[in-house]
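Before turning to the details, please have the sequence and the model open side by side. The points below are meant for someone meeting this structure afresh, and they begin with one helix before widening to the chain.

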Amino acid sequence: MKESLFYKIASTALFQEENRLDSFCKTLDQSPEEKKAKIAEYKCAKFRHATVCRIYMLLYHGNRVYQMSAIHVDIENKLKERTEYFSLVENASTDEKIDFKLYYGISAIAEELLVQSQKKLETANDWEKIELEERIGGLQFAKACLDEAWERRKEVIQ
């Protein structure tokens, strides 16, 4: 399967963050005393991990599905809801259509999740705020990875 530069850049950054958070949590899982002492950091890492992993899995599985000329329902549905993104995808060249679907579809999903989380943040209690702030941070990180990969997709590999 041929992977685009966009996919390689975005998936590498998301995978590294997902792996870093997962390793941190697994290390603490192996040491109950240390985990107890760092429970706040542990929970924050878990919340952030959940959102980074969600975006990474959308990217990974979306790329895999589109490479097989199939349809990723979540991405396609979100694109249809966002007509401005849908028209960009429809006007993309055949060579770039997968990247356009992945970038704009997953961006729309991330943007919607960000809006929902920020709205919930307004009425959240203390721990709910912390959870939502970590999830928002994970979504912002993931969206930044997508944006950077999108900007760098035209670089020539030497």
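1. In this predicted model, a good place to begin is helix α7, where the buried residues are Leu132, Ile136, Gly137, Gly138, Leu139, Ala142, Lys143, Cys145, Leu146, Ala149 and Trp150. The list includes a charged side chain, Lys143, to which point 5 returns. The elements that cover these buried residues of α7 include α1 (5-29), α3 and α6.

2. The length of α7 can be checked against what is expected of a helix: its 27 residues reach 39 Å from the first C-alpha to the last, which is close to the 39 Å expected at 1.5 Å a residue. A similar check can be made on helix α3 (residues 39-67), whose 29 residues should span 42 Å at 1.5 Å a residue, and because its end C-alpha atoms lie 41 Å apart, the two values agree. After α3 comes Ser69, a residue with a positive phi, near 60°.

3. Two salt bridges within α7 deserve attention. Glu131 pairs with Arg135, with 2.9 Å between the closest N and O atoms, and since these residues are 4 apart in helix α7 (residues 126-152), about one helical turn separates them. Glu131 and Arg135 are each partly exposed, Glu131 with a relative accessible area of 25% and Arg135 at 25% relative accessibility. Further along, Glu148 forms a salt bridge with Arg152, where the closest N and O atoms are 3.3 Å apart, and here too the partners are 4 residues apart in α7, or about one helical turn. Glu148 is partly exposed, with a relative accessible area of 44%, and Arg152 also counts as partly exposed, at 31% relative accessibility. As background to both pairs, an α-helix has 3.6 residues a turn, so residues three or four places apart point the same way.

4. Which parts of the chain does the salt bridge between Glu111 and Arg82 tie together? The side chains of these two residues meet at 2.9 Å, N to O. Glu111 lies in helix α6 (residues 97-121), whereas Arg82 lies in the loop between α4 (73-81) and α5 (83-90), so the pair ties together parts that are 29 residues apart in sequence. Glu111 counts as partly exposed at 21% relative accessibility, a value that falls a little above the 20% under which a residue is called buried. Arg82 is likewise partly exposed, with a relative accessible area of 24%.

5. A search of the whole structure finds 17 salt bridges. Some of them share partners, and in this way Arg82, Glu84, Glu111, Lys143 and Asp147 are joined into one network. Lys143, one member of that network, is also among the buried residues of α7. The protein chain carries 25 positive and 28 negative side chains, and the centres of the two sets lie 2 Å apart.

6. For the chain as a whole, there are 7 helices and 0 strands, and the pattern read along the sequence is α-α-α-α-α-α-α. The C-alpha trace spans about 55 × 40 × 25 Å along its principal axes. Of the 158 residues, 42% count as buried, and the accessible surface comes to about 9,400 Å², with 51% of it belonging to carbon and sulfur atoms. Among contacts between residues at least 6 apart in sequence, 71% join residues at least 24 apart.

Notes
Residues numbered from 1 in each chain as written. Predicted model: local features only at pLDDT ≥ 70, side-chain atom pairs only at ≥ 80, totals over all residues. Heavy atoms only, no water. Helix = DSSP H or I, 4+ residues; strand = E, 2+ residues; numbered from the N terminus. Expected span 1.5 Å × (residues − 1). Buried < 20%, exposed > 50% of the residue type's maximum accessible area, 1.4 Å probe, protein only. Contact = heavy atoms within 4.5 Å. Areas by Shrake-Rupley, 256 points an atom, 1.4 Å probe, with all protein chains shown as cover. Lys, Arg positive; Asp, Glu negative; His and termini not counted. Charge placed at Lys NZ, Arg CZ, Asp CG, Glu CD. Salt bridge = Lys/Arg side-chain N within 4 Å of Asp/Glu carboxyl O.
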